[in-house]
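Dear colleague,

Please find below the structure that I am handing over to you, together with its sequence. My notes on what was found in it follow.

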Amino acid sequence: MIKKETDRLIIRNFIPSDWKDLYEYLSLDDVLKYEPVGACDVEECRRFALERSKGNNFWAVILRDEEKMIGHVYFNQIEPYEFMTWEIGYIFNPKFYGNGYATEACRGILQYGFNELKIHRVIALCNPENIASWRLMERLNMRREAYHKKKAFFHKTEEGEPLWHDAYQYAILEEELNDFSS
Ligand SMILES: CC(C)(COP(=O)(O)OP(=O)(O)OC[C@H]1O[C@@H](n2cnc3c(N)ncnc32)[C@H](O)[C@@H]1OP(=O)(O)O)[C@@H](O)C(=O)NCCC(=O)NCCS
């Protein structure tokens, strides 16, 4: 079990019983507006929590004082592995937006990645319309380094045509960690 602590949060591997807190926000369409999947039901949340508890790619973010899971962060190495590059992503419960918890959790994970895993680079992608997401990346001192036109699609029209969306790419390098820590 990996477990990290920040001022207000505990960041740890998923455990199967996290499904209840996961359901509280993954059942909301608005939260998943920019994700490939739509609102999830109880069974899907049970499955997600169980699957995620078996690996290290998804981190549950727990509010220390309430022992409540308030969101999760995806942190996964991408190929080629010798480039030591990870991708970060995040989804939080809207009840807890606006407190800096997502920033604190991602910062803790970046520190763990750069200081303990000795990684080289972290990237993140988001739809330019998802302002809360790229503002978070900028709070983390990540640099906007690309604007991909029609990068991907998650949905299709009734006629089967892809609904392409643009994407910003942000990144932070090992040597930028000090800037971001200050
Ligand atoms: C992306 C997401 C995690 C951002 O949530 P958030 O609450 O805006 O981010 P934080 O928890 O870091 O909080 C930052 C806000 O809290 C405020 N804040 C309060 N105390 C703070 C503190 N101690 N530190 C930092 N910010 C603080 C900031 O000013 C900011 O508010 P503002 O946006 O009005 O300026 C959230 O919108 C989300 O889960 N969206 C749905 C899923 C999603 O789209 N994921 C990304 C896919 S690419």
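I begin with the second largest pocket, whose volume is about 160 Å³. Its lining is made up of K33, Y34, N127, F154, H155, L163, W164 and H165. Two elements, β7 and β8, each give two or more residues to this lining, and β8 holds the largest share of it with 3 residues. Sorted by class, the lining of the second largest pocket comprises 4 nonpolar, 3 polar and 1 charged residues. Please bear in mind throughout that the model is a predicted one.

The largest pocket has a volume of about 1200 Å³. It is lined by 44 residues, of which E35, Y90, I91, N130 and S133 are the closest to its centre. The elements that each supply at least two residues of this lining are α2 (42-52), β4 (68-78), β5, α3, β6, α4, β7 (143-156) and β8 (162-173). Among the contributors, β5 provides the largest share, namely 6 residues. By class, the lining of the largest pocket divides into 27 nonpolar, 10 polar and 7 charged residues.

What occupies the largest pocket? The space taken by the ligand is this pocket. The shell around the ligand consists of 20 residues, and Y90, G98, T103, N130 and R135 are those that come nearest. Here β5 (85-92), α3 (101-116), β6 (121-126) and α4 (131-139) each supply at least two residues, while α4 gives the most to the shell, with 4 residues. In terms of class, the shell around the ligand has 10 nonpolar, 6 polar and 4 charged residues.

Several individual contacts with oxygen atoms of the ligand deserve a mention. A polar side-chain atom of R135 is placed 2.5 Å from a ligand oxygen atom. For N130, an N or O atom of the side chain lies 2.8 Å from an oxygen atom of the ligand. G100 takes part through its backbone, with an N or O atom 3.0 Å from an oxygen atom of the ligand. As for overall cover, the ligand taken alone exposes 940 Å², and the protein buries 70% of that.

When you open the model, N130 may serve as a useful starting point: this residue is among the closest to the centre of the largest pocket, and it is also one of those that come nearest to the ligand. Y90 likewise appears in both groups.

With kind regards

Methods: Residues numbered from 1 in each chain as written. Predicted model: local features only at pLDDT ≥ 70, side-chain atom pairs only at ≥ 80, totals over all residues. Heavy atoms only, no water. Near = heavy atom within 4 Å. Polar contact = N/O pair within 3.5 Å; in protein donor to acceptor, adjacent residues only side chain to side chain. Areas by Shrake-Rupley, 256 points an atom, 1.4 Å probe, with all protein chains shown as cover. 1 Å grid on protein atoms, 1.4 Å probe; cavity = no way out; pocket = protein on both sides within 12 Å on 5 of 7 lines; lining within 4 Å. Sits in = over half its atoms within 2 Å of the grid points. Nonpolar A, V, L, I, M, F, W, Y, C, P; charged D, E, K, R; others polar. Points joined across faces, edges and corners; volume = space filled by probe spheres on them.
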